[in-house]
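The following exercises introduce a structure to a reader who has not met it before. Each task is followed by a solution in steps.

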Amino acid sequence: MKLKKSALIGAAIAGLLVSGYAAAQEQFIGLPSYRVGPYGSNGASLYGGWIDYMAMVNARDGGVNGVKLTWEECETEYNNARGVECYERLKNKGPTGNSVFQPLSTGITYSVLEKVEQDKIPMVTIGYGRTDAADGSVFPWVFPMVTTYWSQASAIVNYIGTKAGGMDKLKGKKIGLLYHDSAYGKESHAIMDKLAEKHGFELQKVAVAHPGNEQQAQWLQIRQQKPDYVILWGWGVMNATALRTAAKTGYSRDKIIGVWWSGSEEDAIPAGDAAKGFVAAGFNVAGANYPVIKDIQTNVYAKNAGNMEDKERVGSVLYNRGVVHGIITVEAIRTAQEKFGKGKSMTGEQMRWGFEHLNLDTKRLAALGAAGFMPDLKISCKDHEGAGKVKFQQWDGSKWNVVTDWIEADKPLVRGMIEESAAAYAKEKGITPRDCSKEM
Amino acid sequence: MLYREAGQFKASYKEDQQIFPIRQDRVGMAVILAIFFLAVPMFASEYWLQAILIPVLIFSLAAIGLNILTGYAGQLSLGSAAFMAVGAFGAYNFMLRIDGMPFIVALILGGLCSALVGVAFGLPSLRIKGFYLAVATLAAQFFIVWALVKFPWFSNHSSSGVISAQEVNILGFAFDTPVLKYLLTLAVVVVLALLAKNLVRSTTGRRWMAVRDMDVAAEVIGIRPMRAKLSAFAVSSFYCGVAGALYAYTYLGTVEPEGFNLDLSFKILFMIIIGGVGSILGSFLGAAFIVLLPIFLNVFMHSVFAGSLPAGLGSNLELIVFGGLIIFFLIVEPHGLARLWTLAKDKLRLWPFPH
Amino acid sequence: MGFFFEVLIGGLLSGVLYALVALGFVLIYKASGVFNFAQGAMVFFAALTFVGFQALLPGWTGLEEGSVMVFWLAFILALASMIVLGILTEKVVLRPLVNQPQITLFMATIGLSFLVEGIAQAIWGANVRALDLGIADEPIGWILDSADMIVSSFDVFAAALAGILVAALALFFQYTKVGRALRAVADDHQAALSIGIPLQHIWAIVWGVAGFVALVAGLIWGARSGVQFALTFTALKALPVLILGGFTSVPGAIVGGLIIGASEKLAEVYIGPFVGGGIEGWFPYMLALFFLLVRPEGLFGEKHIDRV
């Protein structure tokens, strides 16, 4: 018994110490994934899309300028302590260490926020994480890319405005905010309060306790208050339950506007017919007809090599979001290589430079086969967000259909809040923001 | 032979009442402490320090806390994580709101906050027993986390309810590298563990055990159950609170209330069950086991089945093996890992010359 | 006033669903003294197995997708799986742990819940699936028209189903031989054993019945919010029901469910807004806690007398 155990422990230690990457011309990407637990189905699609995109780049182009992409998954179970362990485990693998850390969990993001700066590994949080990190002068190593929660909230209000027939029509309207009662859900409050004040609508906040599989009380309150629109700021089982309960209490689904973590197939399918008409924001869209997804089909799945167990989910919202992660990672590597030498493995610092100078304009996106798939994006030292716009999609009972073009956020308002919040953080932590005019 | 106490005579009460009355234990302890204080910081990599040793130590402390309550005083609790949260947020607010607050004092005050909350939620234990009490402590678990999210004062009005720990600075010396953080954690844990070891063999500890074994009988012989139970809740929560504060300050740096969820409470309970109920040593062994096992499984699966297994299946297999191993351990050694050590000591008394 | 009753009725109906999950706990605790935390995982396993078979069966047998035949075949197969799972649990996990302290048994069932969750997802995948029982989750028309109150037809159906289930269990316990033996075992293991009741046989049956209850609960909850991992959280809704109703009482589970359901909804609506809402997570526990201070053994629990 004892012997067996010590043998096991020995094997574990050996496993932890061995890192078998010696060959150069590789770029290592550590993937802190989660495939079990309450959000396992989301993780499987997201990381599946991301891995498939990287596999496609390896198969089609032989890597980035000849540098093969390698990766390793580490199961976090969406748990902060496990996430930290994965971060530490992955950080020194590969010839140049982990290129980028993207945990897809706000909790883990916070847990490693200070470590990434010490270890010089950029952290990219696409569509989650700490919103005020978009101020790159205070958070040089963190990139809450594409669109932050605050931009999203503002874009949703703009969308409601266009539906109501103009932003001035919002005055006197009532908007409900059904939010997951957690750090994630509370992120919506500050910006929504500001927007309510600015546009003169009345905001009704309704909290849903975790996990949110019971919402009778909340929806009866909504039914009593009769808001004109309800913003669904949910996660996991809360979304399907919200749609079902809305149907039950007779609230029209096309008046419900979800955030991007509420607007995937994983949220709409379990709600059945009740989801029909539901509109959700997204910084990427669903669909397998984009050239980039077709490339994955021909270069990866046609060779029986895809990561998804359920091939039907290729082209789903979350899968495509994974592809967005892949595109941004690969393009950052490409950008960094252009400055620091093509065909070389990039270090964390060089990767950071790559992310900070990432410029995916519409032309580049079209070349990547992702025109209309994600918004055009330009990162700078000051602005680590880059795009700040979303498209809206509507569920027709079996799939998501895009119903709008990219809708912009109220940039000055959001940017002002981000800078204010980042400045407060810098003050609390004693950070001197870097001077972006001196950055190259 | 190795562990024979024959020939060690105790000539005074003082000698008889030492924490470690047997010389081998004292030597062993000294060697272990020397290893952890001197050798480990010199040789361990950053990965081992930050990802394994620090969390194991912190969870050991929390497990000691729960062990005091469950193992010694017999009160089942499923709210340990919430008490950790109170400690973390308490220490944060003391550091934030009082200028020049020394870290150690904030740590202790955080623990005391947690102790107060613990006593409040321990009150029902005077009337409720067993699983009814366990489920009632869930009220503490959910209520505390809810309150920390809901009232922005606790997190200094941060928009998302997270707090980020201030720099740890003791007498002008900044603890900012992994090695220093590890040493600080280790020092706190060692002091508190020795204190706990002492406490459980004091009058207080004996009162707890009497109440655990049979509270009516304990009352009859003159032990006040209320005092015994509430003091157990207070001490236990204090330990959990300090562990929570360390969790925020030396381990994660930034914490959110949801991090202290029910899963964490269960994990701590697992640690004491696997390690050994009513054993300080067991708390350490259990914490190490529960922290290391999933990591080991993850690494093991990756190296054995690298790429040959569908990704989702690998993670699920880890979960299955984890659950299976826990059941297996409970079946083969229901008294926990600490019991294995006791058995080993008995063997070592004669070994290597059993006849 | 209409709003008050609307919330109240909605709460009562939700409460029945909590009771449905709580029933599984009660059955096992009553018969074997095990606080089976894996009940939530079993609900998840049952629902996932059911939809899994439902998706596979048309391909295997050529039956039409979504037909009544497929439904019942899937139900029978899922039930069989649950019974096998229950019996295996009893044999492999609990029998070796007999006479261990309750907390060890409790921990073993938490280990079991990891095992069951892992197995379920390893077999059927992690995808979130829809489950359609063919009953619309919509307000009943005539109540909406006459009283302007929302009462969901699905909730009424679920409540009726739960009622039938409880009645059937009560009859089963009261009038069958197995039921009598079960009550004897619940009363006193030793005495039951000494008069020749096969203890382990009875335990296997109880785990089988608990599996059946889990399947029914899984179908109802799965139809409400989709078949996904979050079904395991239903256990958390059942725990306050248990303390309120007592761990050992079947009617207690129902009454406890009704009280918890109604009061948590009323609290969320009438107290929630003053403290920022989202109090449903802890309110039932607090309520149960205060209730316990008055009656430490729950509403219908057995009174425990300490002797020195």
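Helices (H or I, at least four residues) and strands (E, at least two) are DSSP runs, numbered from the N terminus. This is a predicted model, in which local features need pLDDT of at least 70 and side-chain atom pairs count only at pLDDT 80 or more, while totals for chains, interfaces and linings use all residues. Residues are numbered from 1 along each chain as its sequence is written, and chains are lettered from A and ligands numbered from 1 in the order in which they are written.

**Exercise 1. Describe chain B as a whole.**

Task: State how many helices and strands chain B has, and explain why its radius of gyration agrees with that of a compact globule.

Solution.
Step 1. Chain B contains 14 helices and four strands.
Step 2. The radius of gyration is taken over C-alpha atoms, and the globule rule is 2.2 Å times the number of residues to the power 0.38. For 355 residues a compact globule would have a value near 20 Å, and the 21 Å of chain B agrees with this.
Step 3. The C-alpha trace of chain B spans about 70 × 60 × 45 Å along its principal axes.
Step 4. A residue is buried if 20 or more other C-beta atoms lie within 10 Å of its own, exposed if 12 or fewer, and partly exposed in between, with C-beta atoms placed from the backbone. Of the 355 residues in chain B, 55% are buried.
Step 5. Two residues are in contact if their C-beta atoms, placed from the backbone, lie within 7 Å. Of the contacts in chain B between residues at least 6 apart in sequence, 77% join residues at least 24 apart.

**Exercise 2. Repeat the description for chain C.**

Task: Determine which kinds of element chain C has, and what percentage of its residues is buried.

Solution.
Step 1. Chain C has 13 helices and zero strands.
Step 2. Its 308 residues would give a compact globule a radius of gyration near 19 Å, and the 20 Å of chain C agrees.
Step 3. The spans of its C-alpha trace along the principal axes are about 60 × 60 × 35 Å.
Step 4. In chain C, 54% of the 308 residues are buried.
Step 5. Contacts between residues at least 24 apart form 74% of those in chain C that join residues at least 6 apart in sequence.

**Exercise 3. Examine a helix pair in chain C.**

Task: Decide whether α1(C) and α10(C) are roughly parallel or roughly perpendicular.

Solution.
Step 1. Axes are lines fitted to C-alpha atoms, for helices over the stretch in contact, and angles run from 0 to 180 degrees between N-to-C directions. Helix α1 (residues 2-32) and helix α10 (residues 234-245) of chain C pack at about 75°, and their axes are 8 Å apart.
Step 2. Angles under 35 degrees count as roughly parallel, over 145 as roughly antiparallel, 65 to 115 as roughly perpendicular and the rest as oblique. The two helices, α1(C) and α10(C), are therefore roughly perpendicular to each other.
Step 3. Residues of α1(C) in this contact include Tyr18(C) and Phe25(C), and those of α10(C) include Lys237(C) and Leu242(C).
Step 4. Ala, Val, Leu, Ile, Met, Phe, Trp, Tyr, Cys and Pro count as nonpolar, Asp, Glu, Lys and Arg as charged, and the others, Gly among them, as polar. The contact of α1(C) with α10(C) thus divides into nine nonpolar, two polar and one charged residues.

**Exercise 4. Compose a picture of the chain contacts.**

Task: Find how many residues of chain A and chain C are in contact, and which element of chain B gives the most to the side that touches chain A.

Solution.
Step 1. Contact between these chains involves 39 residues of chain A and 37 residues of chain C.
Step 2. On the chain A side, α2 (40-61), β6 (202-208), α7 (216-225) and α8 (237-248) each supply at least two residues. That side has 17 nonpolar, 13 polar and nine charged residues.
Step 3. Chain B places 30 residues in contact with 31 residues of chain A. With seven residues, α12(B) gives the most to the chain B side.

**Exercise 5. Place two isoleucines.**

Task: Explain why Ile103(C) and Ile327(A) count as buried.

Solution.
Step 1. Ile103(C) belongs to helix α4 (residues 102-124) of chain C. It counts as buried because it has 20 C-beta neighbours inside 10 Å.
Step 2. Beyond its neighbours within four places in sequence, Ile103(C) is in contact with Leu76(B) and Ile273(B).
Step 3. Ile327(A) lies in helix α11 of chain A. It counts as buried because it has 25 C-beta neighbours inside 10 Å.
Step 4. Not counting residues up to four places away in sequence, Ile327(A) touches Tyr53(A), Leu368(A) and Ala370(A).
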